[in-house]
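Here is a friendly walk through one protein chain. Have a look at the picture, then read on with it at your side.

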Amino acid sequence: MKEEPILTNLITELKRGTLTLCVLSQLEEKQYGYSLLQVLCDKHIAIEANTLYPLLRRLETQGLLESSWDTTEARPRKFYSLSSKGRTILGELASAWREQNTHINALLGEESYA
């Protein structure tokens, strides 16, 4: 069995677990799907459109996002932003992330993995 596919799958799984936090963190200001993809890409968070749009719909269904349509342009765009519930959840997720990150860094600091 080759190690590269295993590593690739593990890295994908690791990143997938943080996408919700990444997306929520960028929706303090209204964004439409493509603009959110660009913002995340500029910040080195790669996410495919076919992953982002279902995630946005799920977060909206859960009440974490609010959306509105802008029809002033030739191509209507659906804008998303955090709801008050989403803002609260983002704060709690960010806190959990920082705590987990501290613990993992401590574990990784115990040995040299470079």
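## Cysteines without bridges

Let us begin with the cysteines. The structure, which is a predicted model, holds zero disulfides. C22 is in no disulfide, and the nearest cysteine sulfur, that of C41, is 13 Å away. C41 is likewise in no disulfide, with the sulfur of C22 as its nearest cysteine sulfur, 13 Å away. For a disulfide, the two sulfur atoms would have to lie within 2.5 Å.

Is C22 buried or exposed? C22 has a relative accessible area of 17%. The cut-off for buried is under 20%, so C22 counts as buried.

## A helix with two sides

Now find helix α4, which covers residues 49-61. This helix has 13 residues and reaches 18 Å from its first C-alpha to its last, close to the 18 Å expected at 1.5 Å a residue. Its buried residues are L52, L55, L56 and L59. Why do these residues line one face of the helix? Seen down the axis of α4, the buried residues fall within an arc of 105°, so they line one face. There is a general pattern behind this: an α-helix has 3.6 residues a turn, so residues three or four places apart point the same way.

What covers these buried residues of α4? The cover includes α2 (19-25), α3 (33-42), β2 (65-70) and β3 (77-82). On the other side of α4, N50 and T61 are exposed. For N50, which lies in helix α4, the relative accessibility is 61%. N50 and K15 are 35 residues apart in sequence, and their C-alpha atoms are 15 Å apart in space. Just after α4, G63 takes a positive phi of about 85°.

## Helix α3 and the loop that follows

In α3, the residues G33, S35, L36, L37 and L40 are buried. The elements that cover them include α2, β1, α4 and β3.

Just after α3 comes H44, with a positive phi of about 65°. H44 has this positive phi although it is not a glycine. Where is H44 placed? You will find H44 in the loop between α3 and α4. H44 is exposed, with a relative accessible area of 75%.

## The nonpolar core

A general idea helps here: in soluble globular proteins, nonpolar side chains tend to be buried together. The largest nonpolar core of this model has 20 residues, and V23, L27, L56 and L65 touch the most other members. Which elements give two or more residues to this core? They are α2, α3, α4, β3 and α5 (84-109). The most comes from α2, with five residues.

V23 is a good residue to click on. Not counting residues up to four places away in sequence, V23 touches L36, L40, I47, L52, L55, L56 and L59. Among these partners, L52, L55, L56 and L59 are the buried residues of α4 described above.

## Two buried residues in strands

Next, look at two residues in strands. Q31 is placed in strand β1 (residues 31-32) and counts as buried at 13% relative accessibility. Leaving aside its neighbours within four places in sequence, Q31 is in contact with Q26, L36, V39, K78, F79 and Y80.

S81 lies in strand β3 and is buried too, with a relative accessible area of 10%. Which residues does S81 touch, not counting residues up to four places away in sequence? They are L27, K30, L64, L65 and E66. S81 and T61 are 20 residues apart in sequence and 13 Å apart in space, C-alpha to C-alpha.

## What the record says

Finally, a database note. An unreviewed UniProt entry places the feature "domain: Transcription regulator PadR N-terminal" at residues 23-90. Over residues 23-90, the chain is 49% helix and 21% strand. The end C-alpha atoms of this stretch are 10 Å apart.

Definitions and conventions. Residues numbered from 1 in each chain as written. Predicted model: local features only at pLDDT ≥ 70, side-chain atom pairs only at ≥ 80, totals over all residues. Heavy atoms only, no water. Helix = DSSP H or I, 4+ residues; strand = E, 2+ residues; numbered from the N terminus. Expected span 1.5 Å × (residues − 1). Buried < 20%, exposed > 50% of the residue type's maximum accessible area, 1.4 Å probe, protein only. Arc of directions from axis to C-beta. Contact = heavy atoms within 4.5 Å. Core = buried A, V, L, I, M, F, W, Y, C linked by side-chain atoms within 4.5 Å. UniProt positions renumbered as here; feature names shortened; annotations may be inferred.
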